[in-house]
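Please walk me through how to read a chain interface and its salt bridges.

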Amino acid sequence: MTDAAPIITSGLDHFFGTGEARKQAIWDVNLEIAPGKLTVLMGPSGSGKTTLLTLMGCLRDVKDGSVRLLGIELNGAPEKQLVALRRKLGFIFQAHNLHESLTATQNVMMGLQVHGRGDPVKQLAAAHHILGLVGLADRRDYLPGNLSGGQKQRVAIARALVSNPKIVFADEPTAALDKVSGRNVVEMLKALGVQRNTTTVMVTHDNRILEMADRIITLEEGRVVKDVVQPTKPLQLVELTKS
Amino acid sequence: MSRLLQRLFGRLPIGWLQLSHSKARFAAALAGVAFATLLVFMQLGILGALNSSTIAPYSFFDADIIISAEDANTLTDGSNVARSRLFQALGVAGVASGTPLYIGSLDFQLDGGSTASLQTYALDTQGQAFVTRAIAEQFDLLIPENTALIDTAMRGVPTSAFDGLRAGQPFAFEIKGKTLTAVGTLTMGGGFTADGTLFVSDQTFLRFFSGRSSGAPNHILLKVADGAEPDEVVSRLRTILPAEAVKVQTLEEAANADLAYQTTERPTGIIFGFGVLIGIIVGIVIVYQVLSTDVADHLSEYATFKAMGYGQPFFLGIVFEEALVLAVIGFIPGLFFSILLYMGMSAATGLPVEMEIARILSVFVGTLVACCLSGAIATRRLAGADPADLF
């Protein structure tokens, strides 16, 4: 059951549409993603980055080929298993997708309550702590409607990270952030990798991030065209240790 | 509210937060549920009025068994019964006493030229009383010729018009060219077939209905002897009396058969029954629309939850929570306006349109079930979808 790599794809294809309109979006992708590393998927728009990310993150049914996520084959897995698996993952989406009628803290708590009732006092403390880490201590009881785009994105990041996921999938997480906070977010994800062996897979166009990546995979028209492993740079800022 | 629900569900009350977040939409949803409730209440109210106005005349009589013509479905239709059946029946073991019942319709002239049709019941007022005490106590007043007890709740006449009569001042009025004197009162009210009720002695009745004979009443009322079971007496009577000419029923059976006939075989009953059905369907459609729109509006938020690992029971929980909130909060104004409209309808038609506890409870449970059912259907779209497709 246990694979060395948290994500292994082999012979992965994906099609959109049916019949005449059927179009292949992913062509024979074979990847092994190393644990605890920051892997970046890049490529021009329409190259299948997000599709690949959602296939690996069990947000999209794997129908052709194989994805093994944390040792579990996704192709043909029952819904129940997918739901259980999703709870071990953290997602950061391009759009923040916060629930409009929940406050920042409540949104973050949703990331904890998925694991069961738990202790509300501890959950609240954990939510407040992580909102502090993303620099939103003073906005934690705001509704998303009263937060800026960057602040909303930081709440979404806090929500993804609050339950200590094994793998974080991020789709352009820094698009709505300024240079400093974008960098902070990525550094946080990297620190998680070092401290908790959290694996991060990130789709991005953001050149500022590339230099921090451990591995850069480039896609074009649904195929992997370039795969570069970079030497790891020492971290300068480890915010996670603060509390 | 939020805290109460949080304790109830052991999680953030997302349904409630979601509903109360956009006040305008919440108000619209509540209005929808309230309207659906109102619709069902109105239809049930009318049907209930038909039911109680059909049953009401039976409660007027103090008898155990009623013998009617074979073709009579209600108190007022069908052929007459030969009085000789009464004497046959009196010979059956367990029958203590009996009396012929005469029924007719008289038109009461109202101020302004219109008329109110009064269902007129007539019994022998000299012998044993086969009516409720309130009427039996006034039998002495009916001994003089051409006297009647008049319905103070009759349609078209304010009940205050009878204040003088209640104080003991009889008044005379003209019917069919003859003078009838109201000497006492009864309270029945209008139904679907008549505007009110008159009670007279059999002698007075025969004087006003010259075509009728004392030998052919509409029904025969019987009382059973002390200790005799009405059901057993009925079956004995059925063996004696010819089934092709008369039918024998306990008074309760007759009332229920009348009700069944009115509601399933007469156009009015069928129409009101359809009204209830349509009301329920429209109500469910409204509630479904409210909830499915809500699900559709929050689809991307739900997709995020789904991506985070929340399963179908969680979404059902949210929608049920919303359904519960809408059902409970929407029901209250629905009930309130229904009671107001009942009062208005009752005042306008004189029909017994009344709110009953059993009706309130059943409509409430129905609202709850309809809300939950609609919610369950509304979340189905979420069940099969890949989270990635929902963004």
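**Interface and salt bridges**

A: The area buried between chain B and chain A (accessible area, 1.4 Å probe, that two parts lose on being put together, summed over both) is about 2,300 Å², and carbon and sulfur atoms give 59% of that area. In chain B, the residues that lose the most area to chain A are B:Leu12, B:Met308 and B:Tyr310, together 23% of what that side buries. This is a predicted model, in which local features need pLDDT of at least 70 and side-chain atom pairs count only at pLDDT 80 or more, whereas totals for chains, interfaces and linings use all residues. Residues are numbered from 1 along each chain as its sequence is written, chains are lettered from A in the order in which they are written, and side-chain values use heavy atoms, without hydrogens and water.

Q: How many salt bridges are counted between chain B and chain A?

A: A salt bridge is a side-chain nitrogen of Lys or Arg within 4 Å of a carboxyl oxygen of Asp or Glu. Between chain B and chain A the count is zero, while the structure holds 15 over all chains.

Q: Where do A:Asp227 and A:Arg215, which meet in a salt bridge, lie?

A: Strands are DSSP runs of E, at least two residues, numbered from the N terminus. A:Asp227 lies in strand S10 (residues 223-229) of chain A and A:Arg215 in strand S9 (residues 215-220) of chain A, so their salt bridge ties together parts twelve residues apart in sequence. Their N to O distance is 2.8 Å.

Q: Is A:Arg215 buried or exposed?

A: Buried means under 20% relative accessible area, exposed over 50%, and partly exposed in between (1.4 Å probe, protein chains only). A:Arg215 is buried at 13%, and A:Asp227 is partly exposed at 38%.

Terms used:
Helix = DSSP H or I, 4+ residues; strand = E, 2+ residues; numbered from the N terminus.
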